[in-house]
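Colleague: I would like to go through this model with you, one question at a time. Please give the reasoning first and the value or name last.

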Amino acid sequence: MPEALLVLADGSVFPGTACGAPGHTDGEVVFNTSMTGYQEMLTDPSYAGQILVLTYPMIGNYGVDAKVEESDRIQPRGLVVREAARFASHLRSEGEIEPYLRAKGVIAISGVDTRAVTRRIRRHGVMLGTITTDETADGALRRVRALPGYDDTNWVASVTTDHVYDWADAAGKRRIALLDGGVKRNIMRSLAARDCAVRVFPANATADDLLGFKPDGVVLSPGPGDPRLLETMVAEAGRLIGRVPILGICLGHQVAAQALGAGTFKLPFGHRGGNHPVQEVLTGKVTITAQNHGYAVDPGGLSSAAYISHVNLNDQTVEGIAMRSEPLLTIQYHSEACPGPLDNTAIFDRFVEMLAAVQGGVK
Amino acid sequence: MKPASVLIIGSGPIVIGQAAEFDYAGTQACKAMREEGVRSILVNSNPATIMTDLGVADAVYIEPLTVPVLERIIARERPEGLLPTLGGQTGLNLAVELAAAGILEKYNVRLLGTPLETIRRAEDRELFRDMLAKLGEPVLESHICHTLAECEAAAESIGLPVVIRPAYTLGGTGGGMAFTTEQLRTVAESGLAASPITQVLVEKNLLGWKEVEYEVMRDGAGNCITICNMENLDPMGVHTGDSIVVAPSQTLSDKDYQMLRSASLRIISELGIEGGCNVQFSLAPRKDVRDWEGDADRPLPYYVIEVNPRVSRSSALASKATGYPIARVATKIACGKTLDQIPNAVTGKTTAAFEPALDYCVVKIPRWPFDKFALGDRTLGTQMKATGEVMAIERSFEAALNKAVRSLEIGRRSLLWERPEWRAGGEFPLHATDERLWALMAVLRRGAAVMDVARQTGVDPWFLERLQSIIAMEKRLLAEPLHPELLRAAKRLAFSDEMVAQLADLLPDQVRERRHQWGITPVYKMVDTCAAEFDAETAYFYSTYESENEAEAVPGPAAVVIGSGPIRIGQGIEFDYASVHAAWALQAAGLRAVMVNSNPETVSTDFDTSDRLYFEPLDEEAVRDIIENEQGNEAEPPASIVQFGGQTAISLAEPLRRASLPIIGSSAEAIDTAEDRHLFERFLQDRGIPQPPGAAVTTLEAAMKIAQQIGYPVLVRPSYVLGGRAMEIVQNANELVTFVAQAAEVAQGKPILIDKYLEGREVEVDAICDGETVLIPGIMEHIERAGVHSGDSMAVYPPPHLDPAEREVLRDYTERIVLGMGAIGLTNIQYVVLPHEPGGEPQVYVLEVNPRASRTVPFLSKVTGVPMVQLAVNAMLGKKLKDQGYEGGLWPERNLVAIKAPVFSMSKLVDVDTHLGPEMKSTGEVMGIDRNFEGALAKALLASDMALKPNAAILLSLSDKDKADAPALIRQLAGAGYRLYATEGTSRMIQALGLPVTSVTKVLTGDHPNVVDVIRDGTVQCVINTPEGRLTGTLRDGFYIRRAAAEKRIPCFTSIDTARAAVEALSRQAEYDIATLAEYVNG
């Protein structure tokens, strides 16, 4: 079996077996603790520029199925697993994970002590790394150390749509303009299921572009990378606030928060998993959420017109913002799940109710 | 709102379907209440539990679990709340009965955790179905039936096969599957009989569908989380307690997983449970395994099978599988906390409001009693048969499975094992039995196609492919010379050194040597609830072959407590009790306590119990690896304690000695002296202590000769086994031939013991020794005469019939034996005391010496107030008894009478004979305690379901040898107003006494009603049947009588002594007292 190495910027080396395409790949090494949903994660644009470590040790058990993909390609730069299942079993499986990875040209490594990698990241924070099948550890390390920082790249630009399009199922009675920073398909599906027609705009679209669609509401989508680099997007979002109901998810939440005066900061090792408890401040209600973000909102500077609506019970970071008198709600977590718990799909209901409530009222 | 005081109902004796998991739950609950400042009042009839220790709850009652008893306790304690969800089905049912009787209302007791209405909705099939329909959850076609005719009509409408599930029973008691109309009748009758409300559910049979469970929690604010999901390797059709279970699910996609998770949360919300709940689903399988109607592109169809609105066996497993303490959190919720207000005890930083993420695979395998009940029906179905279970944790399914199989301790059976008959006959039983896993391996090994096997068994191909990968490794080990890469690959699949040795043609020690040479040693990873996302503080570890070790050696004194593994007949919860106390005693003495065990149900495997928990098989390899890991770079390895974990632990003494690893407590030599017949005989002879004449033999010839010499009856048993396995009283040479052969198989090359059988009073003594002083906390006298296994006997403390001279001899013998053997710590000695002339010499014989903690340790510790395990551990650590404040000799007897009574699970085990004999059959025990014998006996009988109901009809069928003893008993019965039924011979005898009797025939093929009919149709409510010698016609008839009684769940006395005691208790109209354990012991 071909050998492969995972080399981290701190010099640690984890040997393993190549279980995808040959070659080498670089990225910020992050871990996700979900026990299911590997294919959804692999197609989540928020992983752009990252190497994904899955903490669950047996990956590929139920095979792959194109219908669960959340975007049109594999998004992380590489995949690290303890074991890539050689045999998949599921009614809907179209094949095993290894051939899938190879076919998609994804560089991946198996046989790694992923718990050791995770512990390292937890202690020292996320760091750059590489999976390589064609270098020595020393060579790989030299290359990793010369890489530009993950935070210096505008990853949104690399994943957003390059053209405006209507979501296929769009025949709904409410019009939603979605600003695509790296959207997952289930956001569109969730809106369409609630009788919404969704038009997707590239990340560099202006407020006027979106308003030109005469939307009933705007969705600011999730996406990868440091939200501080998205100055234009933040400014355009600022111009939308108060003029149209807004739902911000993940990156969209961070963009809206910045538009409302808040800052953002990088978490030491992010929140990635399907088990994060989030409390709604007003009701005290706790739900379990799917999360995938490396940055969080710093509420210092947040406009007094806005308030923190949700907090993370693990580390008390901001999980949601709302405004006192404007139709805006944002969440740091993923109400669309896929993967993850379905506890928060009601956010979409709430958004749609908001659209109904303010119909014709704002603008 | 926080209640000031709360009553907790325990689950009573260990029976199949209700085992140690409720001790774990109850103990956690008491701790949690203490943290919350709530006064806890605990009632349980089972003395072998940690939860009934003084100091765990604020008030401990060891009393029968009946409504009248509970009412008296409620009246006495006036608790504000009742927490019914921690005592299994027993606790839940009692809560319902207390409410129905108006007692909760009368005393203003609030039901906590689960509302009464919820219990009804979860347990009553009709209400349950209505609730599911309301939620829009799919409901399986089923019919609620109260009569046989209704069952037949239901089966007609649904179409066979069907499943029959009785309402309000535990472990599926009385239920089953019916494929034919004949089976339908049998199962429906037994199901209706088992249900306290005579209600069964007849439902569509989803044989071959996947079975998946979710453990969920909800707090009073309506916050819901799932703790864990689990998937059964065995598809629908096998009780989940009898299934091989894996956590988390392996063959569910994220969509499937979340769909069922959401359904679970909807159900717990609708039920309004405040605490834990278990939801069982049936999920559609692959269509190429079992076809089903419906669109394969839609979300997979599923059905909700069952909801348990309480903590359960599964929740204990989920707690251990994830590290999330379900019972503890459920209790805090019941006390008014919300999930976000409860700290996560594992991380110490986050809260209980999160869902555990696993970065390993957990496999549970049930432990069945068929090694003891060779004639029992091994088929698995909807009625649970396992007595216990093991769990293993690893980074792959294959590895976890291999470790779990090692943990079962069925001899040294690994996955390589095959039944010789399979090979000979070319038949591999793939239907559900306790041996199916091995049969699957065997057919796959022989090249069967995975899909064929999947279609035949319904086992998902994923599991079978994983078995294939184990087989592929077997083949490599057979074919290739052992090299580092291969050995490492094998260890990563958790092949034991012994398996590798067997395949690579080496000795296990050679494999170990090579591992060390090649640097292939296990590392230990933490179970931290969060897949390493947070820094965790628990020291709960499992072994694996990876790169990073998280269980670094800790400097300072430590000792390793070897646990007792799965609960099985002969090795029950008593040994977990002792192991837990050993860990606590080590901590109190300032040592780090390191616990090793494989049983997920127990208190010992709570990560709170010890300083470090290794969840590992209890075999030589695992234990040596752990000791090496604990030693780190220190010069000396930590010592091991082997005397608390039953035969499992004691068996490790010899391998540890061979490996030059230190043991504290009785040395391996002392253990050998007790267990080696020749050494033991010489030892007693040298000290002039008598034992029944006999000898150890290795051939049949020698056995015949010895038996002839000492005279029949003789006792035949293999040496070195626990719980009297394969032990028999043999009356003649014919029987001897049969039983020597049987014992030889069990003995595996070790000698067989043939002893003169002395029919006297059996007496048991536990002693603690520090090398100088011997303390005897108490003497227990058995109600049944010698010949009934001590674990199946009723034992009385203090001994009612021993005179001072006999007590003195017992003390003297005990001291001399213990000191002479050099036993340090605990020793259990069994004696038989024959009648002696007034003023003459007492006639005391030693039957058996066990230099280890016995199953009477918890009972005796409780009733004497002597902290036996703690004293023993301190003695092992070198602290003298007198420095601990204890003198030697017989500890003053307390002003109380306590009776330990065995409890059987016979109704669950088809084809197993229930008569008492030298081989142990009970699964659990209860205790009756009072100020006098009558009260204690009444309680013991009540608690063990053996109490006679007044004015009942009673069936007698007595052996000839018992007929001499019987007239007094029969007169008493008649005098107490019992209507007597008897089989032919016994009936003649009763007529001769001039008493009225109805004769029923023993001939089952002739006229009706016969002896079995009168049991089945409820004519009689109690049976006294004492078996004749073995292999005679009487025994066979007796067998049907005893089975019918077991299945009808009516008391069946197979020893004239027990029956006499029961009749006496009844005829004296014993009044019993209700008091806390502390009041009894200190009063």
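Modeller: The questions below go from chain B as a whole to single residues, and the model is a predicted one.

Colleague: How many helices and strands does chain B have, and how compact is chain B?

Modeller: The secondary structure of chain B comes to 38 helices and 40 strands. For 1083 residues the globule rule gives 31 Å, and the radius of gyration of chain B is close to that, so chain B is as compact as a globular protein of that length. The counts are 38 helices and 40 strands, and the radius of gyration is 28 Å.

Colleague: What percentage of the residues in chain B is buried?

Modeller: A residue is buried if 20 or more other C-beta atoms lie within 10 Å of its own. Chain B has 1083 residues, and the buried share of them is 63%.

Colleague: Which residues touch the most other members of the largest nonpolar core, and which helix gives the most to this core?

Modeller: The largest nonpolar core holds 464 residues. Helix H20 (residues 573-588) of chain B gives the most to this core, with 10 residues. One of the residues with the most contacts to other members is Ile8(B); leaving aside neighbours within four places in sequence, Ile8(B) is in contact with residues including Gly26(B), Ala29(B), Leu42(B) and Leu86(B). The residues asked for are Val80(A), Ile8(B), Val363(B), Val561(B) and Ile899(B), and the helix is H20 of chain B.

Colleague: Why is strand S13 of chain B described as largely enclosed?

Modeller: Strand S13 (residues 275-283) pairs in the antiparallel sense with strand S10 (residues 210-218) of chain B over 9 bridges, and Lys210(B) has Leu283(B) as its bridge partner in S13(B). S13(B) also runs antiparallel to strand S14 (residues 302-308) of chain B, joined by 6 bridges, with Gln280(B) opposite Glu306(B). S13(B) is largely enclosed by the rest of the structure because its buried residues number 9 of the 9.

Colleague: Where is Ala695(B), which residues does Ala695(B) touch, and is Ala695(B) buried, partly exposed or exposed?

Modeller: Ala695(B) belongs to strand S24 (residues 694-697) of chain B. Not counting residues up to four places away in sequence, Ala695(B) touches Ile706(B) and Ile754(B); the C-alpha atoms of Ala695(B) and Ile706(B) are separated by 6.9 Å, although the two are 11 residues apart along the chain. Because 19 other C-beta atoms lie within 10 Å, Ala695(B) is partly exposed.

Colleague: Where are the prolines Pro161(B) and Pro713(B), and what is omega for the peptide bond before each?

Modeller: Pro161(B) sits in the loop between helix H7 (148-158) and strand S7 (162-166) of chain B. Pro713(B) is placed in the loop between helix H26 (700-710) and strand S25 (714-718) of chain B. The bond from Leu160(B) to Pro161(B) is cis, with omega near 0 degrees, and the bond from Tyr712(B) to Pro713(B) is cis, with omega near -5 degrees.

Colleague: What phi values do Ala337(A) and Cys338(A) take?

Modeller: Ala337(A) lies in the loop between strand S19 (328-331) and helix H10 (346-358) of chain A, and Cys338(A) is found in the loop between S19 and H10. Ala337(A) counts as buried because it has 24 C-beta neighbours inside 10 Å, and Cys338(A) is buried with 25 other C-beta atoms within 10 Å. Neither residue is glycine, yet phi is positive: near 55 degrees for Ala337(A) and near 55 degrees for Cys338(A).

Colleague: Which element gives the most to the side of chain A that touches chain B?

Modeller: The contact takes 38 residues from chain A and 45 residues from chain B. On the side of chain A, helix H3 (114-124), strand S15 (263-280) and strand S16 (286-298) each supply at least two residues. With 5 residues, the element that gives the most is H3(A).

Colleague: Which residues of H3(A) are buried?

Modeller: H3(A) is followed by Gly125(A), which takes a positive phi of about 90 degrees. Within H3(A), the buried residues are Thr114(A), Arg115(A), Val117(A), Thr118(A), Arg120(A) and Ile121(A).

Notes: Residues numbered from 1 in each chain as written. Chains lettered and ligands numbered in written order. Predicted model: local features only at pLDDT ≥ 70, side-chain atom pairs only at ≥ 80, totals over all residues. Helix = DSSP H or I, 4+ residues; strand = E, 2+ residues; numbered from the N terminus. Rg over C-alpha atoms; globule rule 2.2 N^0.38 Å. Buried ≥ 20, exposed ≤ 12 C-beta atoms within 10 Å, placed from the backbone. Contact = placed C-beta atoms within 7 Å. Core = buried A, V, L, I, M, F, W, Y, C linked by C-beta atoms within 7 Å. Pairing = 2+ DSSP bridges.
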